[in-house]
Each structure stands twice: as C-alpha cells, then as structure tokens.
Amino acid sequence: MKTKKIATITIIVIVLLIVLASSLYTIRETEQVVITQFGRPVGSPVTRAGLHLKVPFVQKANYFEKRLLEWDGSPNQVPTSDKKYIWVDCFARWKIVDPLLFMQSVSTEAEAHARLDNIVDAAIRDLITKNLLIEVVRSSNREMELSEEEKDLLAIEEAAVKISLGREEITREILKQASVMVPQYGIELVDVRIKRINYVEEVRQKVYERMISERQRIAARYRSEGQGKRAEIEGEKEKELQRITSEAYRTAQEIIGKADAEAVRIYANAYNRDPEFYSFLKSLESYRATMDNNSWLLLTTEAEYLKYLKRGAEGR
Amino acid sequence: MANQYGDFAQIKLPPLKAKWIVTGIVVLVALYVVFSTFYSVKADEVGVILRFGRYIRITQPGLHLKLPFSIEKLYRVRIKHIFKEEFGFRTIRPGIRTEYAQAALLDESLMLTGDLNTAVVEWIVQYRVKNPVDYLFKVRNIGETIRNASEFAMREIVGDRSVTEVLTIGRIEIGTEVEKTMQQVLDSYQSGIHIVTAKLQDVNPPDPVKPAFNEVNEAKQEREKLINEAWQEYNRVIPQATGEAERTIRKAEGYALNRVNRANGDAQKFISIWQEYSKAKDVTRRRLYLEMMTDILPKIEKKYIIDSSQQGMLPFLDLTPKEIKEK
C-alpha cells in the first residue's frame, strides 16, 4: 500500500513537472520567439528576454535571432559604366525585425540569405554598372598627394576626374535600393558595404603594365635630372671660378692703381717745391748710373767742369 | 567478479548500502549547488549574469555568488584584453593560427588606390571590448564583423589616396582614418567594440610591379650620387680658387705698401736735401756736380778734352769699341 502511494505521488510530480516544463520557456537576450498554436501564430512575437509562460503542449515556441546577422556575398564580376571589369565583394548586416513575418515568408535564415543574395547582388550590379570605375574607387574629391614627378608624368587623367557620387554614396544607394525589397520578409537591412574591389585578371595585367611603364618614366626622369643637375653644378663651378679670379684681379688692380697714384702724389708734392733742383739732382743721379767704362766722354774746354783747367785758378 | 556485475540476478543491495548511496547523491547535489553558486571573475574579465536568459548584472573581478544551476548563467568577457586581427598576413603559431592559402591572402591585401593603381597592403587592428553586454548580445559572429568592417574601411581610405601616399607618406594618417571609420561602423552596429589602433604593416606594390618601383629608387640614388659628385668637385675647386684670389690681393697690397713707402722715403729724402740746399744753393749745386763728376770720370776709359776753338775733330777719332779691335 505504502509503496503504491509513493509511486502515485511520484507519477503526479513527474506529470506536473512535464506540464510545467512545457508551459515555461526562456528567451535569451539574443533571441525572440513567435508562439504558434498547432502551427498557427498566436499573439505578437515575444522579444523580452527571460522566463515566459505558454499553454502547455498546444503552443510551441519558435526561436529567432534578435542579433545583427551577417551576410557575406560572393564576389561578382561586374563592368563599370566605362567598361572596366572588376570584382566586387560586398558584405551586409541585417536583422529580423518582424519574426512573425519572417517565419511566414522565409522561415529559415538560409532561405533569407538566398533572398538577400538576389536582392543585394542585383542592387550592387545596378549601381556599379551605372557608375564610372573612379566613382566606385574614390569616396571624395580629396586632393591626393602625389610626388613631384608623378604630378606631370603620370597618366592620372582618368583618376583626376571629379567624382559626383563616390563609393560611400554608391554603397548608400545600394543599401537604399535593397532596403526597399526586404521588409516583406520581416527583415531590416542595416548596412551594405563594399568589402573588396579588384580588377579582373586581364585588366590587372594591363594595370601592372601601365604601372611599370609609369615607374620607368619616373626613373628615366630621375636619371636625366641627375645629369642635368650635375651639368648645372659644373657650370656654377666654372662661373664661380671666373668670378673669384676676376674679382681678385680687379681688387688687386685697384689697390695697385691707388698705390701708384698715391706715389705720384707724394713725389709731385715733394718735387714741386723746387722742380729745377729735382731735375738737377735726378740728372746727376742719372749720369752716375749711365756712365761706365764703355762710355766715351768728349768734353770741350768750354765745359763748366774744365773751366779751371783751361783758364787757371782765376777761372775767368 | 566481473561476471557478477554483468549478472543482474546476483546484485543485492543491502539496506545499509542504499543509505550510503542516498547520502552520496545528496552530497553530490550539495557540491553542485555550491559550485554553481560561487564563481570567481579573473582580473582581466568581467562576469555578465543572465537569469533565465535575461541580462541582470555585471560583476567585477573577485569571488561572487549567483543563483545555482542554470537559473543564473555566467558569461565571462575579457574586457581588459586587447585582441589583434591581422590582414594580408598571418602570424604562424601552430595550434592557434593557421596559415591561409597565399591567393586568399592576396585577395585580402590587394587593393585599388585612388589613382587607379594597385597596392598590396598588410595591416593589423587591435581592439578591446568596451561594452560587454552589447558585445555578447547585439551582434552575431562579431569576429567576422570586425574583419569585414576593417577590410571595408581600409579599402575606402586607400581608394581615396594615391599609390605614393599609401606606400610612403600617408601611412600613419591612413591608420588613423581606418580606426575612425571602423569605430563609426562598429558603433552603428552596437557591437560594444572599441578600436584601439589600426596600423599599416608592410605596404608594397604588387610583385610584378616591384622591380619597376625599385628601379625608381635606384634612379633616385643615382641622381643623388651624380649631384653629390658634382658638388664634391665644386667643393674641391672653389676653396682653392678663393685662396689663390686672396693671394693675388695680398700681393697687390704688398706692392701698394712697397710703392707708397718708397715714394714717401724718396720724397722725404728729397725734401731733406732740398731744405739744406735752399740754405746754400750755389755751393751745394757745385759740390753735388763736382762730386758726381769725380765719381764717374774714373770709370770712363776714353776721355777726350777738346779745345772749344778746335773744329772738325770728330772724323779722326777711332770710335770702334776696344773688344772688336782686339779680334
């Protein structure tokens, strides 16, 4: 009897527990729930995390993500409006904002991804093909810093085009265009961004070739610049040499001239006191210097020097 | 003995032993309660507590209590730790990181620059959790989200810069811009992530183009070399010329001094003589004249004294120099 009673109680407790377990459910912070009754949705979705009650057995809790979800597109080969073929790889972030609608329209994330693939890819293709490559690459008309030689050498005419939209604006457009299509799935597209853009292989080779030829032109320019600069310095050196020597010559001549003039002045100043005496003295000096043993001297007795020789002591 | 365990009929649990088992279960349950109640949070972490899946509180490092079993659940978030993501390269640390295929890495690092060239950019991003609750509950697959945001940001920034800027002058600025853009995007996702830094690592031109870039560098070096050599020659010649010029000038100055001094000397000498001469003009003249004659006459070998009345003397004189005659 006693064991039977215990068994009954145990069974009742177990049944109660099962009922309780079936009527209680928890929602984590990352989840939201749609309650369905025999597959038919009941009430509005439950988004508040915590412990909740439902009718046991009859009602079922269907869990959906509340977090921001990833979408990573596969790279697409798309031509731009200037016929450049590029790979475009985008990513998006989305979330389930209406789990009821989501459950009814796509029900699983995989299905949602498939829809997003179509919608976002189409939007990307649309906007990329409508724009120039430069619009997709650049996001502003910011003045790019180029090295001096690039400025006049490089084939950046294409890149120098002023953009009207830019990458940021184009991605915003993609988001806008794609966003229109998704609310029917209970989804909100939060963000679409271009992750990668690259030239397709053939274009890439061409770009490499262009880059190589550009660099070679720059290198050639450096070389000729070096030679030019050297010639310039050599010329400068020649000029400097001429300047230095001629200036020195000029200064020297000036100094010499001044000194000569000074000497002339000094002599004149002194000799002007008695020009006659000066010529007398200078003559004497000159006779002394010029008369030697090779000279002949013919003197007539009229000479002053021989005055006494001819006329005796009287000199008359 | 093993047979006995396999044979159910043989097992008989004595009442005493059943009691032991019950006690054991109670002890185990008690232990489980204790272990699921107490928890410790390490120094670089915070604990995030959820009750029935609902966020309740954050606990700081130390020993704490929570409701047992799965009523309250603990999530640990390493809030002080700085995480690092690498782009375009991988640090190879076996067991933690694996190396990706080379092609996949080039996809990650090859990007278009604003002048429609390409560059291979490698970079790192360091980040930490600034809001553990957002970090745990707002974004699924947050690691991938950070990587996506970073690749997007880097390409957007590089797309607005020339290849020269990316390779050389703009490196630091690009890092800062990427940081800013990433932060903006991640904040808009409420990711609870703080970007500590984004830094460019190796930035190169693509491999096929590299030799051409090196050639530019070589040409640059060559240019510098030519210029340096020219200056070297300049510096060898010019100071020497300057020195020589200086010598010319000094010489002229020397000449000037010499000339003026001599003039002054001569003048002074003349003035001195003249002053004395003025005192006795006649006698001095005579004296000077006679002294001169006395000086020069002995030197002259051929002296002819001719009377003033004598005419036509000259034709008879033998004017041939002595040396010629001797021959």
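This report describes a sheet, one residue and a chain contact in a predicted model.

Residues are numbered from 1 along each chain as its sequence is written, and chains are lettered from A in the order in which they are written. Local features need pLDDT of at least 70, side-chain atom pairs count only at pLDDT 80 or more, and totals for chains, interfaces and linings use all residues.

In chain A, three strands (DSSP runs of E, at least two residues, numbered from the N terminus) form an open antiparallel sheet in the order β3-β2-β5. Because β3 (40-46) and β5 (59-65) of chain A each have a single partner strand, one side of each is left without a neighbour in the sheet. Strands count as paired if DSSP finds at least two bridges between them.

Two strand pairings are set out below.

| Strand | Partner | Sense | Bridges | Opposite residues |
|---|---|---|---|---|
| β2 (residues 31-37) of chain A | β3(A) | antiparallel | four | Thr36(A) and Pro41(A) |
| β10 (residues 296-300) of chain A | β10(B) | parallel | five | Trp296(A) and Lys302(B) |

Glu188(A) belongs to strand β9 (residues 187-199) of chain A. This residue counts as partly exposed because it has 15 C-beta neighbours inside 10 Å; 20 or more would make a residue buried, and 12 or fewer exposed, with C-beta atoms placed from the backbone. Between Glu188(A) and Ile96(A) the C-alpha distance is 6.4 Å, although they are 92 residues apart in sequence.

The contact between the chains (C-beta atoms, placed from the backbone, within 7 Å) takes 99 residues from chain A and 92 residues from chain B. On the side of chain B that touches chain A, α8(B) gives the most, with 37 residues; helices are DSSP runs of H or I, at least four residues.

Technical notes: Two residues are in contact if their C-beta atoms, placed from the backbone, lie within 7 Å.
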